[in-house]
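Dear colleague,

I am handing over the structure below, together with a short account of what was found in it. Please look through the sequence and the model before reading on.

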Amino acid sequence: MTNKKRTTIKDIANKLDISTAAVSKALHDDPRISVKTKTAVRRVAEELNYQPNHLASALRRGKSNLVGVIVPKTNSNFFSSLIQNIEEVLSKEGYNIIITQSNESFEKECDNIDTLLFTQVDGIIASMANETIDLSYYEKVKSKGIPLVLFDRGENNLNVDYIGINDYESSHMIIEHLIQQDCKRIAHIGGYKHTRIFNNRIRGYIDALKKYKLPFDDELLLESNLTVEDGRKKMHELLKLKNRPDAVYVAGDYAALGALEVLKEQKIKVPQEIALVGFGNEPFTDMVSPKITSINQYSNEIGKLAAQTFLERVKQTGVRQTLNKKILNAEIIVRDSSNKKTSLK
């Protein structure tokens, strides 16, 4: 079966025996074209199922009113909420968004960037994949003069606008809470340290242990992709240790859920025997039993700030401005999974 040829303005012009320029002007409601010609052009365009080539129009105008959004995954409340708030802010300014997902793959992320650049987006708002170490594709976005705003996961040496939370202080907050619950051997299931936010969480964890004079044991620090399955796997590893932890701080709620599943399967009391803290405040953290203590990342605010930062950057085209870096203070939501003192009452 052959593909049906796409209708062009030349086809409309041939049918009406007028110039392609006249057709183009009629379709754009040019006042120099008569009402009779405009009506005829629109009638034939509908008959031939003509669809405007928005990419060509964007090339001519130098503006597409499209903004690309790259997220590691769309199935988390954190990222879906961010997307919703980005879209809400940008739509009021006449922009539409194109959502792409890397699935934590560097290769997929590069493909996403290429697709967005080909589509002539006016800007890109992105959160990097866990696998991303090579920043050349993001440098390519910068070299083309396209506004780039990173949120949640971003690298300082890219020198672009960034919106996120204070990951380092968040780790301090978590360790301090666990120490208040009389925990003394605290493990950390983190993300990969080459990613800035997870490196900051790891540094915060290590420094907080030092601050409260607890020993750092490198066998208690595990890196992963922070999936549910990763949480299960790493929890099994921790339970095999000769001297197992009495608390586990997990840098993502999905991995924390996996860790909780293993603890329950092993009949280990949470939090009495092992306390558990996640990160991200996903809705399920308040629905499972025991409810999981977590860090609220303020996804609504980050989404809105990322979109507003893009809009500010567009207005400043051609003018060298100071980078816009907004770091929000996070909040710990204490629930049953770590609240040992309450559980003893």
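One part of this predicted model is an open sheet of four strands, which pair in parallel and follow the order β7-β6-β8-β9. At its edges lie β7 (221–223) and β9 (275–277), each of which pairs on one side only, and from one strand to the next the twist averages 15°. Helix α8, made up of residues 167–180, packs on this sheet and touches β6, β8 and β9, while its direction makes about 165° with that of β8.

Within that sheet, the pairing of strand β6 (residues 186–190) with strand β8 (residues 247–250) is parallel and runs over four bridges. If you would like a place to see this pairing, take Ile189, whose bridge partner in β8 is Val250.

A second region to look at is the one around strand β1, which spans residues 66–71 and is mostly covered, since five of its six residues are buried. Strand β1 pairs with strand β2 (residues 96–101) in the parallel sense, over six bridges, and Leu66 stands opposite Asn96 in β2. Between these two strands the chain passes through helix α5 (residues 77–91), and the β-α-β crossover made in this way from β1 to β2 is right-handed. Strand β1 is also joined by four bridges to strand β3 (residues 123–126), again with the two strands running parallel, and here Val67 stands opposite Gly123 in β3.

As a general background to these pairings, strands of a sheet pair through backbone hydrogen bonds, either parallel or antiparallel.

Helix α5 also takes part in a helix packing, its partner being helix α12 (residues 299–315); the two pack at an angle of about 40°, and their axes are 7 Å apart. How should the orientation of α5 and α12 be described, as roughly parallel or as oblique? Because angles under 35 degrees count as roughly parallel and those from 65 to 115 as roughly perpendicular, an angle of about 40° makes α5 and α12 oblique to each other. The crossing of these two helices, α5 and α12, is right-handed. On the α5 side, the residues that make the contact include Phe78, Leu82, Ile86 and Val89, and on the α12 side they include Ile302, Ala307, Phe310 and Leu311; polar names also to be found in the list are Asn85 of α5 and Gln308 of α12.

With kind regards

Terms used: Residues numbered from 1 in each chain as written. Predicted model: local features only at pLDDT ≥ 70, side-chain atom pairs only at ≥ 80, totals over all residues. Heavy atoms only, no water. Buried < 20%, exposed > 50% of the residue type's maximum accessible area, 1.4 Å probe, protein only. Pairing = 2+ DSSP bridges. Right-handed = clockwise from strand over helix to strand, strands pointing away. Axes fitted to C-alpha atoms, helices over the stretch in contact; angles between N-to-C directions. Contact = heavy atoms within 4.5 Å. Parallel < 35°, antiparallel > 145°, perpendicular 65-115°, else oblique. Left-handed = near helix turned anticlockwise from the far one by under 90°.
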